[in-house]
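Student: Could you take me through one part of this model up close? Pick a residue that leads somewhere interesting, and keep going from there.

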Amino acid sequence: MSNHKNPVIAPSLLGADFSNLKKEINFCNNSNAKWLHLDIMDQQFVPNLSFGPSVVKDLRKHSDLFFDVHLMVSNPFDMLLPFIKAGANGISFHIEATESRFTFPPKILINTIKKNNLKCGLALKPKTPFSIIKKYLEHIDYIVVMSVEPGFGGQSFIPSTLDKISEIDNYLNQNNIRENILIQVDGGIKLENYKSVIESGADILVAGSQVFQSENPIETINQMYSK
Ligand code: DX5
Ligand code: ZN
């Protein structure tokens with residue numbers, strides 16, 4: 001049976017009030033969220049800058065949630081150890097950031113993450129086809145399907161993502177590896193569309209602005225668990 005019958009909501013801290021992170025993380029701790037999504041941006045791979053390992057290290061003291069670090073950086077290899085030391089439980093990196101001959105190949109990054117006993121995710125920009133990561137599937141734990149162009153919170157969900165999620169879900173089922181890999185969907189997830197994202201096959205739904213800009217973030221997270 002596929003995992004998407006019991007989806008997980010992962011609030012994205014990028015949508016939070018950065019002047020009050022302790023309060024914001026407590027909303028997540030006191031909700032049904034299981035993962036906390038942490039977006040790392042270097043202003044090169046994406047045109048925005050977020051936060052670094054020292055922030056993650058300090059947050060670690062205030063939460064037992066699964067810390068899911070999403071690296072949107074052009075040199076993900078160099079960022080692995082700092083985030084592992086800071087207390088990440090899972091790290092995803094973009095396949096597009098490993099295509100240059102000057103970067104380490106994906107397998108080296110996957111091995112580094114796995115040998116430190118973290119979960120490993122491979123992230124795809126909206127226009128990147130699923131097919132290019134097929135050869136890594138046996139080594140990873142989750143796929144991050146971007147449903148907006150990476151870089152900013154608060155964008156609109158790209159509708160064609162639903163077909164991509166179904167394509168991945170079908171492929172994993174047909175190859176009998178559905179149990180081994182989670183499908184995470186990141187960007188533009190709202191109360192209006194979360195059900196269709198789950199129905200298409202998603203296991204982990206990342207939600208930033210919808211959660212943190214709502215009146216009651218705890219209730220908003222919990223609402224996304226209702227069928
Ligand atoms: C975008 C980030 C997302 C972002 C989602 O580059 O990867 O995780 O925080 O934010 P919303 O839910 O507002 O689209
Ligand atoms: Zn993200």
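**From a loop asparagine to the metal site**

Tutor: Let's start with Asn-48: setting aside neighbours within four places in sequence, Asn-48 is in contact with Met-41, Asp-42, Gln-43, Gly-151 and Phe-152. Keep in mind that this is a predicted model. Asn-48 sits in the loop between β2 (35-41) and α2 (53-60). One of those contacts comes with a polar pairing, as the Asn-48 side chain reaches the backbone oxygen of Gly-151 at 2.8 Å.

Gly-151 is a handy stepping stone. Of the 20 residues around ligand 1, it is among those that come nearest, along with Ser-12, Asp-39, Asp-186 and Ser-209. Which backbone atoms and side chains make polar contacts with oxygen atoms of ligand 1? On the backbone side, a Gly-188 N or O atom lies 2.8 Å from a ligand 1 oxygen, and a polar backbone atom of Gly-208 is also 2.8 Å from an oxygen of ligand 1. From the side chains, a polar atom of His-70 lies 3.4 Å from a ligand 1 oxygen. The protein covers 100% of the 380 Å² of accessible area that ligand 1 has on its own.

Asp-39, Asp-186 and His-70 now take us to the metal. The zinc ion (ligand 2) is coordinated by His-37 through NE2, Asp-39 through OD, His-70 through ND1 and Asp-186 through OD, at 2.0 to 2.3 Å. The arrangement counts as octahedral because the six donor atoms around the zinc ion subtend angles of 68 to 170 degrees. Read along the chain, the zinc donors follow the spacing H-x1-D-x30-H-x115-D. His-70 belongs to strand β3 (residues 66-72) and Asp-186 to strand β7 (residues 182-186), so this pair ties together parts that are 116 residues apart in sequence. Are these two buried or exposed? His-70 is buried, at a relative accessible area of 0%, and Asp-186 is buried too, at 7%.

Carry on past β7 and you meet Asn-193, in the loop between β7 and α6 (194-200). Asn-193 leads back to the ligand: leaving out neighbours within four places in sequence, Asn-193 is in contact with Phe-157 and Gly-188, and Gly-188 is the residue with a backbone N or O atom 2.8 Å from a ligand 1 oxygen. The Asn-193 side chain also reaches the backbone nitrogen of Lys-190 at 2.7 Å. With 14% relative accessibility, Asn-193 counts as buried.

Now for Ser-226, which lies in the segment after α8 (217-223). Ser-226 touches Tyr-194 and Lys-195, not counting residues up to four places away in sequence. A polar atom of the Ser-226 side chain is 2.6 Å from the backbone oxygen of Gln-223, and Ser-226 counts as partly exposed at 37% relative accessibility.

A last stop, on backbone geometry. Most residues other than glycine have a negative phi. Asn-176, in the loop between α5 (161-174) and β7, has a positive phi near 55 degrees and is exposed at 69% relative accessibility. Asn-117 also has a positive phi, near 65 degrees; Asn-117 sits in the loop between α4 (106-115) and β5 (119-124), and is exposed with a relative accessible area of 71%.

Notes
Residues numbered from 1 in each chain as written. Chains lettered and ligands numbered in written order. Predicted model: local features only at pLDDT ≥ 70, side-chain atom pairs only at ≥ 80, totals over all residues. Heavy atoms only, no water. Donors = N, O, S within 2.8 Å, 3.2 Å for Na, K, Ca; no water. Tetrahedral: all angles 85-135°; square planar, octahedral: opposite > 155°, others 65-115°. Helix = DSSP H or I, 4+ residues; strand = E, 2+ residues; numbered from the N terminus. Buried < 20%, exposed > 50% of the residue type's maximum accessible area, 1.4 Å probe, protein only. Near = heavy atom within 4 Å. Polar contact = N/O pair within 3.5 Å; in protein donor to acceptor, adjacent residues only side chain to side chain. Areas by Shrake-Rupley, 256 points an atom, 1.4 Å probe, with all protein chains shown as cover. Contact = heavy atoms within 4.5 Å.
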